[in-house]
Amino acid sequence: VQLQASGGGLVQAGGSLRLSCAASGRIFRARAMGWFRQVPGKERECVSSISDSGSYTYYADSVKGRFTIARDNAKNTVYLQMNNLNTEDTAVYYCAATFPELESHLTYTEESKYAFWGQGTLVTVSS
């Protein structure tokens, strides 16, 4: 497994969760990373993305101010801290790593820019 996501679960509205995604060094180093989510019947959407150094980040409008993406390059791990969760955040969350030929100091929102995907972790927010 090259990307292993964890940290999902059931939480009440207003609560917090932290997702983690451990990657092999080969697909983590010098690559932008992203978190996506998908609700059944809907397209997968980019929630957040982070550049290789962590200097640049992107957040979807729906999560700005509530979610924080971070990465620990020494541990080949990317995190998504999710605060003040609401029922609309319920989804399967996926981490992903971009293609190596892309500029790694940028962030990316398109699925087509990502070469490797984790298995997904379910986040359920109850009201």
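**Sheet and buried strand residues**

Ser-49 is buried, its relative accessible area being 0% in this predicted model. The residue belongs to strand β5, which covers residues 45-50. From its side chain, a polar contact of 3.1 Å leads to the backbone nitrogen of Tyr-108. Tyr-108 is also among the residues that touch Ser-49 from more than four places away in sequence. The others are Met-33, Gly-34, Tyr-56, Thr-57, Tyr-58, Ile-69, Thr-107 and Tyr-114.

One of these contacts, Ile-69, leads to strand β7, residues 67-72. Side chains in a regular strand alternate between the two faces of the sheet. In β7, the covered face carries Phe-67, Ile-69 and Arg-71, while Thr-68, Ala-70 and Asp-72 lie on the uncovered face. Strand β7 runs antiparallel to β8, residues 77-82, and 6 bridges join the two. Within this pairing, Phe-67 has Met-82 of β8 opposite. The hairpin formed by β7 and β8 has 4 residues between the strands, and Asn-76 adopts a positive phi near 55° there.

The pair is part of an open sheet of 4 strands, in the order β1-β3-β8-β7 and with antiparallel pairing. Its edges are β1 and β7, each of which pairs on one side only. On average, and with direction ignored, neighbouring strands of the sheet are turned by 15° against each other.

Strand β8 is joined to β3 by 6 bridges, again antiparallel. Here Leu-19 is opposite Leu-80 of β8. On its other side β3, residues 17-23, is linked to β1 by 4 bridges, and these two strands also run antiparallel. Ala-5 of β1 has Cys-21 as its bridge partner in β3.

What is the pattern of side chains along strand β1, residues 3-6? Leu-3 and Ala-5 point to one face and are buried, whereas Gln-4 and Ser-6 point to the other face and are not buried.

Both Leu-3 and Ala-5 are in contact with Cys-95, a residue of strand β9, residues 91-98. Cys-95 is buried, because its relative accessible area is 0%, below the cut-off of 20%. Its contacts beyond four places in sequence also include Cys-21, the bridge partner of Ala-5. Gly-34, Trp-35, Phe-116, Trp-117 and Gly-118 are further contacts of Cys-95. Between the C-alpha atoms of Cys-95 and Phe-36 there are 6.3 Å, although the two residues are 59 apart in sequence.

Ala-5 also touches Thr-121, which lies in strand β11. Thr-121 counts as buried, because its relative accessibility is 10%. The side chain of this threonine reaches the backbone nitrogen of Gly-8 at 3.1 Å, and Gly-8 appears among its contacts as well. Ser-6, Gly-7 and Leu-19 are other contacts of Thr-121, together with Ala-91, Val-92 and Tyr-93.

Further along β11, residues 121-126, is Val-125. With a relative accessible area of 5%, Val-125 is buried too. Which residues does Val-125 touch, not counting those up to four places away in sequence? One group of its contacts consists of Val-11, Gln-12 and Ala-13, and the rest are Leu-85, Asn-86, Thr-87, Asp-89 and Thr-90. Gln-12 is 113 residues from Val-125 along the chain, but their C-alpha atoms are separated by 5.4 Å.

Technical notes. Residues numbered from 1 in each chain as written. Predicted model: local features only at pLDDT ≥ 70, side-chain atom pairs only at ≥ 80, totals over all residues. Heavy atoms only, no water. Buried < 20%, exposed > 50% of the residue type's maximum accessible area, 1.4 Å probe, protein only. Contact = heavy atoms within 4.5 Å. Pairing = 2+ DSSP bridges. Polar contact = N/O pair within 3.5 Å; in protein donor to acceptor, adjacent residues only side chain to side chain. Axes fitted to C-alpha atoms, helices over the stretch in contact; angles between N-to-C directions.
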